[in-house]
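Welcome, and please have your viewer ready. We will go from one selection to the next and pause at each to see what is there.

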Amino acid sequence: MAKKKEPTMMEALTEYMGLKNIDEDTMVKVMEESLRNVIAKMFGTDHNFDVIVNPMKGDLEIWRRRIVVSDGEVENEMQQVSIGEIRALGEEDLELGEEYIDEVKFEKFGRRAILNLKQSLSSKVMELEKDTLYANYSKRVGEMISAEIYQVWKKEILLMDDEENELILPKSLAIPRDRFKKGDRINAIIERVEYNNNNPKIILSRVSNQFMIRLFEREVPEVVDGLVTIKAVARIPGEKAKVAVESYDDRIDPVGAVVGVRGSRIQGVVAELCNESIDVIQYTANPILFVQRALAPAKNMEVKLHEDTKRADVFLNKDQISEAIGKGGKNIKLATMLTGFEIDIYRDESQNMDMSDLFLTEFDDEIDGWVIDTFKGIGCETAKSVLRRSKEELIRATDLEESTIDNVVQILMTEFDDNELPDDQYGHLPPRDPRYYEEYAEEEPMEDVVDGTEETNEEEEEEQ
């Protein structure tokens, strides 16, 4: 029976490195460094040794350079060789002081050297694994990962990825309603990668806004394709969230695309987040309109922004205040997080105080219905609620053309005398445009008619 061939050290090393997913160039470098470390440890220096690792042939070579000295003067056999010894080896050309190079088999260094090499290789491979793990996961921060729970502790959860790498999910970064047990497979976002005590620590999160975005990317193809963009996210993890979405293609309804038919798409996200309630709104660059949308389901509100302090004063009818604030203040808190404005809610009493005011719907014969609806959408239900705001405010809030705003203001002004529009509230209004007043436009023609009638009557009297 043929004797089984024992694998060479290089073959064993190559197989070991393959299991650790270490490439060939790195393997060669690690082997050379480990051999040099062992040689330096055994002989005090490695400067006169050349190490050649040949992965193609599956072997390694160690070449030693020694100085030729006179017989009897050798003090270190690893650095010096006597001239008599090299003459006996057939080297006749070398003289005293020159270098003699020969190959050394590592196995001849003895069992101790082999043990040292094994320890050095293990240490370097372990260090290399840590560096590789840190580098790989550092590039993946913000990526969603699926991993299996290995152990549940009091303050954190230990997970294993598909390559048996340890991951940590702190309880503080888990959704409060999460209930885990060993063997469960969960999704989370890679929050950050740390180095603690020379060990990489991969931290996961399920409360990050980025985690919700990644879930929408998984459920909504338009988000992955870039047809719908998630512009902002605000969350109270496990309870409620608001998401602002936008589409650059007018043919795509961003809210409908994200929610799906009968909520089919958003339900996958809600289920992953422990039934977290999610409001999806359409993003707008208009800050006033964005604040109004963020405060939904509240409606019919007036918003005054203070850009310098990033504050928003919101005026609402009494029955809408609770809707804007939400249960436990969650709605206004999320709206503040989503828009970046600190929102203050005020009760708007103005609509019920002035009995001379008129509802905008009474002007539907002069103003288009969609224009009236636009004003009602920003909380302006009456004529004076529109006239109290400056033209600049109205343009920002409604996105209507300046000419449309001018036309509406002039139409509304015709219904009020000057004393009904005092300067302390309406001083910003433009001068009245005569073209909007029928009595002025008909004034001169009426005089002509009257004069003509009088002349006719006088002629008839003379004829009589």
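Is R235 buried or exposed? Select R235 and look at its surroundings: R235 is buried, because its relative accessible area is 5%, and the cut-off for buried is under 20%. Keep in mind throughout that you are looking at a predicted model.

**Stop 1: a salt bridge between buried partners**

Keep R235 selected and add E276. The two form a salt bridge, with their closest N and O atoms 3.0 Å apart. This pair ties together distant parts of the chain: R235 belongs to strand β10 (residues 228-236), while E276 sits in the loop between α8 (266-272) and β12, 41 residues apart. E276 is buried too, with a relative accessible area of 0%.

**Stop 2: a loop threonine**

Next, select T284, in the loop that runs between β12 (277-282) and α9 (287-294). T284 has 12% relative accessibility, so T284 counts as buried. Show the backbone here as well, and you can follow the T284 side chain to the backbone nitrogen of N286, at 3.1 Å. If you set aside sequence neighbours within four places, T284 is in contact with L289, F290 and R293.

**Stop 3: an asparagine with many contacts**

Now go to N331, which lies in helix α11 (residues 330-339). How large is the relative accessible area of N331? The value is 3%, so N331 is buried. Which residues beyond its sequence neighbours within four places are in contact with N331? Show K240, K242 and D279, then A294, L295, A296 and P297, and lastly E323, A324, I325 and G326. For K242, try a distance label between C-alpha atoms: K242 and N331 are 8.8 Å apart in space and 89 residues apart in sequence.

**Stop 4: a hairpin**

Switch to a cartoon view and select residues 156-160, strand β6, together with β7. These strands pair in the antiparallel sense over 5 bridges. One pairing to pick out is M160, whose bridge partner in β7 is E166. The two strands form a hairpin with 5 residues between them, and in the turn E164 has a positive phi of about 65°. Strand β7 (residues 166-170) is largely enclosed by the rest of the structure, because 4 of its 5 residues are buried. As you turn the view, remember that side chains in a regular strand alternate between the two faces of the sheet.

**Stop 5: more salt bridges**

How many salt bridges does the structure hold? There are 27, and a few more deserve a look. Select D418 and R432, whose side chains meet in a salt bridge at 2.9 Å, N to O. This pair also links distant parts of the chain: D418 is in the loop between α16 (402-413) and α17 (423-426), and R432 is in the loop between α17 and α18 (438-441), 14 residues apart. D418 is exposed, with a relative accessible area of 58%, whereas R432 is partly exposed at 27%.

Then select D433 and R435, which form a salt bridge with the closest N and O atoms 2.6 Å apart. Here D433 counts as buried at 16% relative accessibility, while R435 counts as exposed at 72%.

For a last selection, show D50, R65 and E99 together: these residues are linked in a network of salt bridges.

Technical notes:
Residues numbered from 1 in each chain as written. Predicted model: local features only at pLDDT ≥ 70, side-chain atom pairs only at ≥ 80, totals over all residues. Heavy atoms only, no water. Buried < 20%, exposed > 50% of the residue type's maximum accessible area, 1.4 Å probe, protein only. Polar contact = N/O pair within 3.5 Å; in protein donor to acceptor, adjacent residues only side chain to side chain. Contact = heavy atoms within 4.5 Å. Salt bridge = Lys/Arg side-chain N within 4 Å of Asp/Glu carboxyl O. Pairing = 2+ DSSP bridges.
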